[in-house]
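Biologist: Hi! Could you pull up the model so we can walk through it together?
Modeller: Sure, here it comes.
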Amino acid sequence: MPLNESLANGLESMARLMDLLGEDSFKSAAHARAARVIADLPGDVAALASDRPSLLALPGIGPKMADKIIEFVTTGRIAEHEALLSQVPPGLLALLEVPGLGPKTVRTLWQQGGVTNLTSLERIIADGSILALPRMGAKAVEKIKANLTFAKSAPTRLWLGRAWTLAETFLARVRDLPGVAQAQAAGSLRRGRDTVGDIDLLVALRPGYESSAHAVGEAFRGAPDVAEVLAAGDTKSSVRVALNHDAGRWKHADGAKAPDHTVQVDLRVVPVAAWGAALLYFTGSKAHNIRLRERALSKGLTLSEWGLFPHDGDATPPHTRGITPVAADTEAHVYAALGLPWIPPEAREDHGETDMPGPWALVDLADIKAELHAHTTASDGLLTIRELAEEAKRRGFHTIAVTDHSQSSSIANGLKPDRLRRHLDAVRKANDEIDGITILAGSEVDILADGSLDYDDELLARLDIVVASPHAALSQDSTACTERLLRAVRHPLVHILGHPTGRLINRRKGLEPDMAALIAAAKEHDTALEINAHWMRLDLRDTHVRQAMNAGCLIAVNTDAHAREDFDNLRFGVMTARRGWVTPDRCLNTWPATKLHAWLKRKGR
DNA sequence: GCCGTTTTCGGCCCGACTGTTTTCAGTCG
């Protein structure tokens, strides 16, 4: 496990243990916040820990937290963490994963009911002794029982691409109903996180159509594949959906049947006058919302999902007292009233975005005019060269790169040198015959385990574009894979490092190279780093993209298209780019044809 | 435990919902 991750887990565990022990909740929250900061850190915490002031410059990291971080980096442990662990039964933390069980309840179960793990919880439910505990009635116990079984089943988060499709089917059912002014996904789906825990949908009703809320809720709950209705109010509905497992292209890759997904979908219905405040609130992140609310208070205002209101000290919520909001109808108005530019959803993670002056100009889906990584029937794609080019043209691209697999990828029908030579001729011929788009002759060349490339330099030099990617030996240790990828990044004929870690989300971890070293080399050798847009990959991941942007690297957002519909995945790659604050000038795929082609020619020549 | 362009001490986001209670504690997002 990478250092950042294990440290973040440790701090998070400390926070949970403090909750269970009933310690100061603000102290616990401070540890939880520090855990999040470390987990999202673009870069290695070990490098920061060697310089205490840079650690203290991080938000939420003060002198005491800095000492704990330094202790962990230098000794691999935090003494205080171990002291906390010794006071709590080891099985108790698992109880916090059960929906509906929070720290207070678990503490009561432990100290007054003798519960130390999931098994002993089940025992006191079975023998009825749980009912003697405070605030434990029949209904509460039924709820715990139901959630226990749910908590034990698959807790994996859903892929962004699958969540997107599911959200669209729900939105389509309600979008055109009478009175619906807006219908949109919020939450981590809108923020473009690589996986989502649940799906949040938001609908706004026009004035006079308040009674439509009922019909909206019914249409929502009547969607296909709804396995269970959890809540059925007029302003809030909640369902669980059973999804068949579908891993796209990797469907049968490991032969094993992966568990089906159960995902919760929540719908909220709000008046259109509060659309902006509600969308802002339900999009999150929670940390971003807290930041905005603190900012509101400092300006004598108070922010909720109902709007931004004057803060008059009255404990009754302002929207229930007929107070007119300062801003509520659009997100932009709320941000403006807080003295901020509109912040793109993908950047709302409390990673310093509220300190940016704006306006924000991140790369946008509409900016993408070139696809630099695509496969044809020559290797494992489904489209011919001509079909691929026509599809790219139809999507408004000025350039498409044909980059079929190289010889070592035999499972993907990789091309031996002689086949590649003939393929290059075919691509060049198609380029001459088809107007309105440039078809580049390239290859997705395997980076072999030792870092050498799968074709010799003489052949590589004949290509218009070289995307070098790791496909095999993906469980190499960190030192070996860093050397391996560095060799590829430094190679003068490589333009783009394709899906740098080879991870498959929810499926395999992939390589864990020294990202800082890789990024520095990419910058030095003018090699672009790919964000592979397939929702199974999203590789580079968001935090590494941000790190690469900070270092001044070039980014390529590629679909790795094998079929026509794969071009639709571009939005997920772009969202990942935006999460890394990528601007169009640093993204190859947005460049005008002349600039892009000149850059490709310049390399290695 | 962190933090400060009114504060280096005394704060620390907001509201809905649920189930337990007779006025509210706990959880969730």
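Modeller: This is a predicted model. To start with the DNA, a polar backbone atom of glycine 137 is 2.8 Å from a phosphate oxygen of DNA strand B.
Biologist: Nice. What about histidine 319 and DNA strand B?
Modeller: An N or O atom in the side chain of histidine 319 is 3.1 Å from a phosphate oxygen of DNA strand B.
Biologist: And which part of DNA strand B does arginine 293 go for?
Modeller: A base oxygen: a polar side-chain atom of arginine 293 lies 2.4 Å from it.
Biologist: Which residues come nearest to DNA strand B?
Modeller: Out of 41 residues around the strand, those are Gly100, Thr105, Arg135, Tyr281 and Arg293. Of the atoms of DNA strand B that come within 4 Å of the protein, 66% belong to sugar and phosphate.
Biologist: Which element gives the largest share of that surface?
Modeller: Helix 14, with five residues. By class, the surface near DNA strand B holds 18 nonpolar, 10 polar and 13 charged residues.
Biologist: Switching topic: which residues of helix 17 are buried?
Modeller: Leu420, His423, Leu424, Val427 and Ala430. They sit on the same side of helix 17, because they cover an arc of only 125 degrees around the axis. On the other side, Arg422, Asp425, Lys429 and Asp432 are exposed.
Biologist: What do the buried ones pack against?
Modeller: Helix 16, strand 11, strand 12 and helix 18.
Biologist: Last one: is aspartate 19 buried or exposed?
Modeller: Buried, with a relative accessible area of 15%. Aspartate 19 is in helix 1, and among the residues it touches is Arg107.

Terms used. Residues numbered from 1 in each chain as written. Chains lettered and ligands numbered in written order. Predicted model: local features only at pLDDT ≥ 70, side-chain atom pairs only at ≥ 80, totals over all residues. Heavy atoms only, no water. Helix = DSSP H or I, 4+ residues; strand = E, 2+ residues; numbered from the N terminus. Buried < 20%, exposed > 50% of the residue type's maximum accessible area, 1.4 Å probe, protein only. Contact = heavy atoms within 4.5 Å. Arc of directions from axis to C-beta. Near = heavy atom within 4 Å. Polar contact = N/O pair within 3.5 Å; in protein donor to acceptor, adjacent residues only side chain to side chain. Nonpolar A, V, L, I, M, F, W, Y, C, P; charged D, E, K, R; others polar. Lists of a residue's contacts leave out its neighbours within four places in sequence.
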